[in-house]
Structure formats: C-alpha cells, structure tokens
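Trainee: Before we discuss anything in detail, could we bring up the model and go through it by question and answer?

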Amino acid sequence: MSSNDIPAPPPAEPDTPPVDSPFRSERTNRDEPPQYVLPLVVHIEKAAPPARTDALRTAARAVLVMLSDERSVGEGEWARLMRDWQDARIRKVVRRARGAEWRKAAALPGITVTGDEAEVRVFPPVPLDGWPKELAKLQVSGTDLDDPEPPAAPDPAHPVLWLNPELGMSAGKEMAQVGHGAQLAWWELSETERKAWREAGFPFSVATPGPERWRELTVSGLPVVRDAGFTEIAPGSCTVVADHPALRR
C-alpha cells in the first residue's frame, strides 16, 4: 500500500510535524524533484499464505536490508536511486504475487528476504509512473492475512515496531507502515548502532499495545509514523512507533 508519513514531532508539540519532513501530507519542496517509490512484493499462494505478523516483520526487515545493502550506499549501483527516493517523498507500495507472477518478479534486480513463512522481495526505487511491467500488473489488494495463533510477546531487549491498536488496516497497508517505522529507526541510529543491528540480523518484533501504552509511546520521543491519508485511514493518523533500545532516552 502506498503512503507518505511523518516522523513524530517533539513531545511539546505533538501535532506539528517538522516543516522539512519528507512525509508531510501537504505540498512541500520535496514534491518538486522527480518522485520515486520503493516497491515490495509479498509472496502469497492461495493454499499456504504466510501469517500476518511474520509478513509484517519480513517486509520491515526487507526495507532495512535494502537500506544497508552495499549496492544502496556510497557508489553502489542503486545508491543514486536510493538518494533520489529519500530526498523526495518516502513512498512504499506493497503488492502481492503468486506462481508465475512471483517468479517473474523474483527475476528482476532486487533482494528477497524470508521470514518464518513469509517471502518479500524489495526492489530499488522506481519512478512513481515508471514501474517495470512485471510489477505494474501486480495487485495491491488481496493482502489480507491472519495470525493463526496470537503472536509472541515482544522482547524489550530488541527493537519493537508498535502498531496503533485503534486503526484497522489491511496487511498490505501495515506492511508499508512498519517499513516506514523501521526506516525512521534506521535514520535515527548512529553508524555504530546501525552496524550492530545489521550484524545481529536485524532482530525486532512487531506488536500491538493496549490503548494506554500506545498513548505513552506516541509522546515518548521515539520515532512515530503518521500517515498522509491517501489510502484507508485519515490524514495525520499515527500508525507505528519505532521503539529501538538505542533510541530510548
């Protein structure tokens, strides 16, 4: 699902996003450059769909893997695209594929990340109106997934991507949102902290807190994703809090 989101403002002004944020819903100078989107494709076979939480974790990890890949930084082959994407709006779109569709998508340049059951392939950013035909024809809808059993409680020693308990989002929408949350956490970390997280394999949990805990998290100073409201939910809705131990002040 596609969304543009804003990091949390300082606690003193909880409803005022930074003026230069790449995620503001109104038009800013970040709308002037060419716009790009980070495509993610989740593998969903009818007979054996992945568990919802595992798909969310895998999508968020795919974003982190892409951000940290040697091809995405420095003089890497994807570095210019990654810079152009991050200098403009930070858009992500999650689509689904199965069978031959998945095999065709997997043949394109990108990175496949696997979870316990889920498979997500992330691709270098593409122009907003210039998708490869193999990806352009894939469906955004149909990513409704369930957890057959309640997810395990998050380990507070590792990062947690907390989902808003009061919003009803499709799995595809939530996959994009946790991807945003993971990216905001990555931006906030030092190079040393990023290296440690990457070398550990990007451990983290995805969980939904109770309403009271959610309110505490949104004013804690941790990175918060706010949706622009282009799909499914109202503009400005807080969707994810990125809780990394290194960012707890």
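Trainee: How many helices and strands are in the chain?
Mentor: Bear in mind that this is a predicted model. With that said, the elements assigned along the chain come to seven helices and 10 strands.

Trainee: What percentage of the residues in the chain count as buried?
Mentor: A residue is taken as buried when its relative accessible area is under 20%. Applied to the 249 residues of the chain, that cut-off gives a buried share of 51%.

Trainee: Which helix gives the most residues to the largest nonpolar core?
Mentor: That core holds 54 residues, and the members touching the most others are Leu40, Leu161, Met175, Val178 and Trp197. With a contribution of nine residues, the helix that gives the most to this core is the one spanning residues 52-68, namely α1.

Trainee: Which residues does methionine 175 touch, not counting those up to four places away in sequence?
Mentor: Contact here requires heavy atoms within 4.5 Å. Once residues up to four places away in sequence are set aside, the partners of methionine 175 are Val42, Ala55, Leu56, Ala59, Val94 and Val120.

Trainee: Is proline 150 buried or exposed?
Mentor: Proline 150 sits in the loop that runs between α4 (133-136) and β7 (160-163). Because a residue is called exposed when its relative accessible area is over 50%, and proline 150 has a relative accessibility of 74%, this residue counts as exposed.

Trainee: How far apart in space are proline 150 and threonine 53, C-alpha to C-alpha?
Mentor: In sequence the two are 97 residues apart. In space, taken from C-alpha to C-alpha, the separation between proline 150 and threonine 53 is 9.3 Å.

Conventions: Residues numbered from 1 in each chain as written. Predicted model: local features only at pLDDT ≥ 70, side-chain atom pairs only at ≥ 80, totals over all residues. Heavy atoms only, no water. Helix = DSSP H or I, 4+ residues; strand = E, 2+ residues; numbered from the N terminus. Buried < 20%, exposed > 50% of the residue type's maximum accessible area, 1.4 Å probe, protein only. Core = buried A, V, L, I, M, F, W, Y, C linked by side-chain atoms within 4.5 Å.
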